[in-house]
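Work through the exercises below on aromatic contacts. Try each task before reading its solution.

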Amino acid sequence: MRQISVSPSKLEKFIEEVLAKAGTRGDVAGHVAKGLVQASVRGVDSHGVRLFPHYMASVKAGRINPDPAYKFERTSASTGRFDADHTFGHAAGIESARKAVDLAKEAGTGSIAVFNSTHFGAAAYFTLEIAKHGMIGLSFTHADSLMKTYAGKRAFLGTNPISFAAPVEGEEPFCLDMATTLYNFNKIKQLRERKHPAPGGVGADTEGNDTTDAEKIAMLLPIGGHKGYGLSLMVEVLCGILTGMPYGPNISSMFKAPLSQKRFLGHFICAMRIDCFQEEKVFKRRMAALLNELRNEPPMEKGIPVQVAGDPEKKSAAQRMKEGIPMAAQEAEAFTKLSAEYGVEFV
């Protein structure tokens with residue numbers, strides 16, 4: 001098949017219907033479909049719809065529970081623990097983000113430790129949900145051992161992403177969503193599929209040596225050397241130690257472990273009520289001023305403007321909502337197979 005573009009609404013409908021045919025509960029299917037499509041619309045293709053066939057294989061094999069029995073324990077006025085019952089991380093994350101918002105409405109802040117979960121996709125999905133409620137959102141998750149340990153020769157920690165979002169007057173929320181490595185491994189998989197090399201300084205081979213050969217990359221390099229390594233460790237404390245889940249090399253691999261094996265992932269999600277610190281409309285106005293002042297800084301190179309975190313994603317969203325989400329031939333073929341298997345029309 002050739003590369004195609006598909007409208008976000010059609011992709012969301014297709015994903016929901018396939019999930020339903022596979023026995024996924026309606027609320028769970030809706031969260032997953034929205035999360036995957038949002039990531040692709042925002043240009044975060046590594047965590048977007050391309051992962052859907054992998055998730056479906058995980059449902060079939062028993063790793064992901066399509067009909068979870070959630071358990072939530074409120075442990076104080078502003079904290080809680082959420083047992084995801086091994087469902088999709090997208091669903092567990094959104095449910096927890098909403099509980100964090102509910103706690104924050106009462107207590108000023110809400111912090112939820114999520115456990116017994118699976119891969120939750122793009123961390124921005126949850127912080128943007130919180131920002132819709134006029135609050136500051138933070139989300140974290142850990143991942144299997146893929147980051148080369150600083151000064152070490154093998155991986156111990158994961159890419160362990162961090163997301164922060166805050167509402168802004170006159171535009172979509174400010175949103176930072178970053179791995180603690182220069183690339184995430186789904187991006188390396190994309191490069192492999194397209195037979196492209198990786199940039200220098202992104203990955204290392206099995207011996208810990210830097211390489212640009214995407215096929216040979218076995219570990220990912222931390223952002224800022226020891227600083228990215230430190231940030232990854234911070235996330236591991238929040239998502240592995242604090243939640244009671246496995247940590248570092250004890251986490252089962254997303255792609256290499258049998259798909260029947262549960263992953264026991266942890267996430268940590270926080271909501272902060274702005275009006276506990278400053279009037280909300282004043283905060284939003286000052287956020288807009290801050291971002292626009294930064295964007296108006298003189299660029300180093302003509303034609304390459306200064307941007308802030310989330311600007312490329314906002315540009316991608318504006319374009320892809322009109323033109324559709326591009327799908328590489330291999331991705332379109334995988335969706336076509338799902339269409340035939342589940343009897344749901346694709347395109």
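The exercises cover ring pairs, burial and charges over rings in this predicted model.

**Exercise 1.** Classify the ring pair of F14 and F346 by its geometry.

*Solution.* Start from the count: the structure holds nine aromatic pairs. For F14 and F346, the ring centres lie 5.2 Å apart and the planes meet at 55°. Centres within 6.5 Å make a pair, and planes over 60 degrees apart would count as edge-to-face, under 30 as stacked. The angle is 55°, so the pair is tilted.

**Exercise 2.** Place F14 and F346 in the chain, and state what their pair ties together.

*Solution.* F14 belongs to helix α1, residues 8–21. F346 sits in the segment after α10 (329–342). The pair therefore ties together parts that are 332 residues apart in sequence.

**Exercise 3.** Decide whether F14 and F346 are buried or exposed.

*Solution.* The cut-off for buried is under 20% relative accessible area. F14 has 2% relative accessibility, so F14 counts as buried. F346 has 9%, so F346 is buried.

**Exercise 4.** Analyse the pair of F52 and F335.

*Solution.* The centre-to-centre distance is 5.9 Å, with 50° between the planes; the pair is tilted. F52 lies in helix α3 (residues 52–61) and F335 in helix α10, so parts 283 residues apart in sequence are tied together. Both F52 and F335 are buried. Finally, F14, F52, F335 and F346 form one aromatic cluster.

**Exercise 5.** Which charged residues lie over the faces of F115 and F72?

*Solution.* Over F115 lies R81, at 4.3 Å from the ring centre. Over F72 lies K99, at 4.8 Å from the ring centre.

Terms used: Residues are numbered from 1 along each chain as its sequence is written. This is a predicted model: local features need pLDDT of at least 70, side-chain atom pairs count only at pLDDT 80 or more; totals for chains, interfaces and linings use all residues. Side-chain values use heavy atoms; hydrogens and water are left out. Rings of Phe, Tyr and Trp (its six-membered ring) pair if their centres lie within 6.5 Å; planes under 30 degrees apart count as stacked, over 60 as edge-to-face and the rest as tilted. Helices (H or I, at least four residues) and strands (E, at least two) are DSSP runs, numbered from the N terminus. Buried means under 20% relative accessible area, exposed over 50%, partly exposed in between (1.4 Å probe, protein chains only). A charge sits over a ring if NZ of Lys or CZ of Arg is within 6 Å of the ring centre and within 35 degrees of the ring normal.
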